[in-house]
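User: I would like a close look at a single part of this structure. Please start with the pairing of charged side chains and work outwards from there.

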Amino acid sequence: MTETDPAPVGSNGDGADDPVAGRPEPVEVLGRLPTDAGIRRQLAATARSRGMTASVADEIDEIEGELAAIEIDPVDLTAARRRVAETTGETDRLKERVATLRGDARARRAVDAEADETLDDLEAAAAELSAAQTEAIAAEQALERARGEAARARDQRRRRLRLRDRLRNRLCDARNELVEAVYPAFRRALAVVPRGDPSAAGQGPNGYDGSRIAASLAAVRIAALDGAVELRGDAARAVESADRSARSLLRTADVRVGDTAGEGERSGDAGGR
């Protein structure tokens, strides 16, 4: 390893790559070096560029289809509860008014006083009470429906979390399978690219402790990318120092060598994410 490329591309750093975040096109992972992608993500992209698929690909498609079909609409229980409280309060108020008017009417009749106006008020209040009770029942029913919808939404959210966990596991399985499939070719490519050392490959991806720049260059060399590869910083310097052309070294038709300062050192020191 060189002084500007001190961080090995180990397996621990790959945790920054959330598999559920998606499977970008290979050129999106390997089309600009240095890259923040970890060795596993780079090698999985390499494998996909070569048309390889994992044995769990169909299961992954099925899970993604199930996830896409889950639709969870927001449920406003607060508004439903508020409406129940309002209609209940109005019903209670009208019950008290009806009881008061009914008592007043009885008292007037007991003393042979005029009760027509009180009876009219009582009839109107009773009609209001009936309407309020109907509205209160409707509000209670709406709240029950909202509670049912909220329960179903919770179930769907739990199902979505389970599916996402399952998808994450299957994507990790797929990535591991693809990485293992191209690792022998990756090991051989390390003998060709600048800063590469086949012995740094260890027994498998978990054992790689070499230069991250070399790892990225080797991944590009064995890939079949449909697009340009841009080299900057340490990656550009490494290729420019080689005794062969960038196209020949990387086996890629469109290689663009850009800025050799700044970005390379920053990405080169980031470790093997």
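Analyst: The structure holds 16 salt bridges, each one a side-chain nitrogen of Lys or Arg within 4 Å of a carboxyl oxygen of Asp or Glu. This is a predicted model, in which local features need pLDDT of at least 70 and side-chain atom pairs count only at pLDDT 80 or more, while totals for chains, interfaces and linings use all residues. Residues are numbered from 1 along each chain as its sequence is written, and side-chain values use heavy atoms, with hydrogens and water left out.

One of the salt bridges joins Glu59 to Arg170, with the closest N and O atoms 3.8 Å apart. Glu59 belongs to helix H3 and Arg170 to helix H5, so this pair ties together parts that are 111 residues apart in sequence. Helices here are DSSP runs of H or I with at least four residues, strands are runs of E with at least two, and both are numbered from the N terminus. Glu59 is partly exposed at 26% relative accessibility; buried means under 20% relative accessible area, exposed means over 50%, and partly exposed lies in between (1.4 Å probe, protein chains only).

Arg170 has a further salt bridge, to Asp173, where the closest N and O atoms are 2.8 Å apart. Both Arg170 and Asp173 lie in H5, three residues apart, about one turn of the helix. Asp173 counts as partly exposed, at 32% relative accessibility. Together with Arg166, the residues Glu59, Arg170 and Asp173 are linked in a network of salt bridges.

Elsewhere in H5, Arg158 forms a salt bridge with Asp155, at 3.1 Å between the closest N and O atoms. Arg158 and Asp155 are likewise three residues apart in H5, about one helical turn. Arg158 is partly exposed with a relative accessible area of 45%, and Asp155 is partly exposed, also with 45%.

The helix that carries Glu59 can be described further. H3 spans residues 57-69, which is 13 residues, and reaches 18 Å from its first C-alpha to its last, close to the expected 18 Å; the expected span is 1.5 Å times one less than the number of residues. Ile60, Ile63 and Leu67 are the buried residues named in H3. They cover an arc of only 65° around the axis, which puts them on the same side of H3; the arc is that of the directions from the helix axis to the C-beta atoms. On the other side of H3, Asp58, Ala68 and Ala69 are exposed. The cover of the buried residues of H3 includes H5, residues 116-189.

H5 also takes part in aromatic pairing. The structure holds two aromatic pairs. The centres of the Tyr183 and Phe186 rings are 5.2 Å apart and their planes meet at 40°, so this pair is tilted. In these terms, rings of Phe, Tyr and Trp (its six-membered ring) pair if their centres lie within 6.5 Å, and planes under 30 degrees apart count as stacked, over 60 as edge-to-face and the rest as tilted. Tyr183 and Phe186 both sit in H5, three residues apart, about one turn, and both are buried. Phe186 and Tyr208 have ring centres 5.7 Å apart and planes at 65°, so they form an edge-to-face pair. Phe186 lies in H5 and Tyr208 in the loop between H5 and helix H6 (212-221), so that pair ties together parts 22 residues apart in sequence. Ring pairs thus link Tyr183, Phe186 and Tyr208 into a cluster. Phe186 is buried at 0% relative accessibility, and Tyr208 is buried at 3%.

From Phe186 the description passes to H6, where Ala219 is found. Leaving aside neighbours within four places in sequence, Ala219 is in contact (heavy atoms within 4.5 Å) with Leu30, Gln42, Leu43, Thr46 and Phe186. Ala219 is buried, with a relative accessible area of 0%. The C-alpha atoms of Ala219 and Ala44 are separated by 9.3 Å, and the two residues are 175 residues apart along the chain.

As background, the secondary structure of the protein chain comes to nine helices and three strands. Buried residues make up 40% of its 273 residues. Of its contacts with a separation of 6 or more, 77% are between residues 24 or more positions apart.
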